[in-house]
Amino acid sequence: MEASIPPRIKICCISSVEEARAAVRAGASALGLVSSMPSGPGVISEALIAEIAATVPPPIGTFLLTCSQDARDIIAQQRRCRTNTVQLCDRLTTGTYADLRGAMPGISLVQVIHVTGEQSLEEALGVAPHVDALLLDSGNQALAVKELGGTGRVHDWSISRRIREQVGVPVFLAGGLRPENVGEAMRQVGPFGLDLCSGVRTGGVLDTGKLEHFFTRLRA
């Protein structure tokens, strides 16, 4: 994929209808709604995810973040939450992407690749043909308690750039993004989208001042 300038913006860890509205007003193209996770911030109930998703205007992506590795469970979860996109934060181990496609027509699939080294490039190349987009994050699936997002850490962007250049689907960049490093992220990686969580929050709450500052830096 070619570099995307300016990138689309996804605001993750949305926790209320009010936060969703504020993110959309600021210019977000997509919202992340976090279901049960082994660790990390922003987890809300499936009932609240469904409530928020139902209020979001149609052009905006509503991403259900799931840690499930079973296709049947993921399908059931999406049907409860009614989002237009499913973000798989871990590797699929039971069932296939084809199973997800067949059961959820019209629902976009985004696979998270946790960039930990050269092996992440190989993983991304293997997965990309089966999904609509990749999201490159800074988690660690090898820990006793898995990190599947929300770490606030920046990973090796040189690997992320190589992934973006070699795959045939859009790439979102996540992990430690803030107003201060958004320009460098765009220059080094050139992603289709940027995914923010802690960088636009204060005390876990979406900070409209930080959000506006981020979009100002992005436009600059």
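Which residue stands opposite Leu31 in S2? The first view below has the answer, and every view comes from a predicted model.

**View 1. Where strands S1 and S2 meet.** Ile11 is the residue that stands opposite Leu31 in S2. Strand S1 covers residues 8-11 and strand S2 covers residues 30-34, and the two run parallel, joined by two bridges. Zoom out a little and you'll find that they belong to a closed barrel of eight strands, in the order S1-S2-S3-S4-S5-S6-S7-S8, with parallel pairing. On average, neighbouring strands of this sheet are turned by 25° against each other, if you ignore direction.

**View 2. Thr62 and its surroundings.** Let's move along to strand S3, residues 61-66, where Thr62 is found. Is Thr62 buried or exposed? Thr62 has a relative accessible area of 3%, and the cut-off for buried is under 20%, so Thr62 counts as buried. Who are the contacts of Thr62, once neighbours within four places in sequence are left aside? They are Leu31, Leu33, Ala53, Val56, Thr83, Asn84 and Thr85. You've met one of these already: Leu31 is the residue in S2 that stands opposite Ile11.

**View 3. Strand S6, tucked inside.** Look at S6 and check its residues one by one: five of the five are buried, so this strand is largely enclosed by the rest of the structure. In a regular strand, side chains alternate between the two faces of the sheet. In S6, Ala133, Leu135 and Asp137 point one way, while Leu134 and Leu136 point the other way, and all are buried. Next door, S5 pairs with S6 in the parallel sense over five bridges. As a landmark for that pairing, find Val110, which stands opposite Ala133 in S6.

**View 4. Leu135 and the residues it touches.** Staying in strand S6, we now pick out Leu135. How does Leu135 count as buried? Its relative accessible area is 0%, and anything under 20% is called buried. Not counting residues up to four places away in sequence, Leu135 touches Lys10, Gln87, Val110, Gln111, Val112, Ile113, Phe172, Ala174 and Asp195. Here's a nice one to trace along the chain: Leu135 and Leu88 are 47 residues apart in sequence, yet their C-alpha atoms are 9.3 Å apart in space.

**View 5. The cavity.** How many cavities of 30 Å³ or more turn up in a search of the whole structure? The search finds one, and about 270 Å³ of space lies in the largest cavity. There are 26 residues lining the largest cavity, and the closest to its centre are Cys12, Asp137, Gly149, Gly150 and Cys197. The elements that give two or more residues to this lining are strand S6 (133-137) and strand S8 (193-196). Sorted by class, the lining of the largest cavity has 13 nonpolar residues, eleven polar ones and two charged ones.

**View 6. The largest pocket.** Now for a pocket: the largest one has a volume of about 220 Å³. It takes 17 residues to line the largest pocket, and Gly61, Phe63, Thr85, Phe172 and Phe192 lie nearest its centre. Which strand gives the most to the lining? That's S1, with three residues. S1, S3 and strand S5 (108-114) each supply at least two. The lining of the largest pocket is made up of nine nonpolar, five polar and three charged residues.

**View 7. Some unusual backbone spots.** Most residues other than glycine have a negative phi, and most peptide bonds are trans. Start with Ile5 and Pro6, which are joined by a cis peptide bond with omega of about -5°. Pro6 is found in the segment before S1. Next comes Cys13, a residue other than glycine with a positive phi near 65°. Cys13 lies in the loop between S1 and helix H1 (17-26), and it counts as buried at 6% relative accessibility. Last up is Arg82, which has a positive phi of about 60° although it isn't a glycine. You'll find Arg82 in the loop between helix H3 (71-81) and strand S4 (85-88). With a relative accessible area of 59%, Arg82 is exposed.

Notes:
Residues numbered from 1 in each chain as written. Predicted model: local features only at pLDDT ≥ 70, side-chain atom pairs only at ≥ 80, totals over all residues. Heavy atoms only, no water. Helix = DSSP H or I, 4+ residues; strand = E, 2+ residues; numbered from the N terminus. Buried < 20%, exposed > 50% of the residue type's maximum accessible area, 1.4 Å probe, protein only. Contact = heavy atoms within 4.5 Å. 1 Å grid on protein atoms, 1.4 Å probe; cavity = no way out; pocket = protein on both sides within 12 Å on 5 of 7 lines; lining within 4 Å. Points joined across faces, edges and corners; volume = space filled by probe spheres on them. Nonpolar A, V, L, I, M, F, W, Y, C, P; charged D, E, K, R; others polar. Pairing = 2+ DSSP bridges. Axes fitted to C-alpha atoms, helices over the stretch in contact; angles between N-to-C directions.
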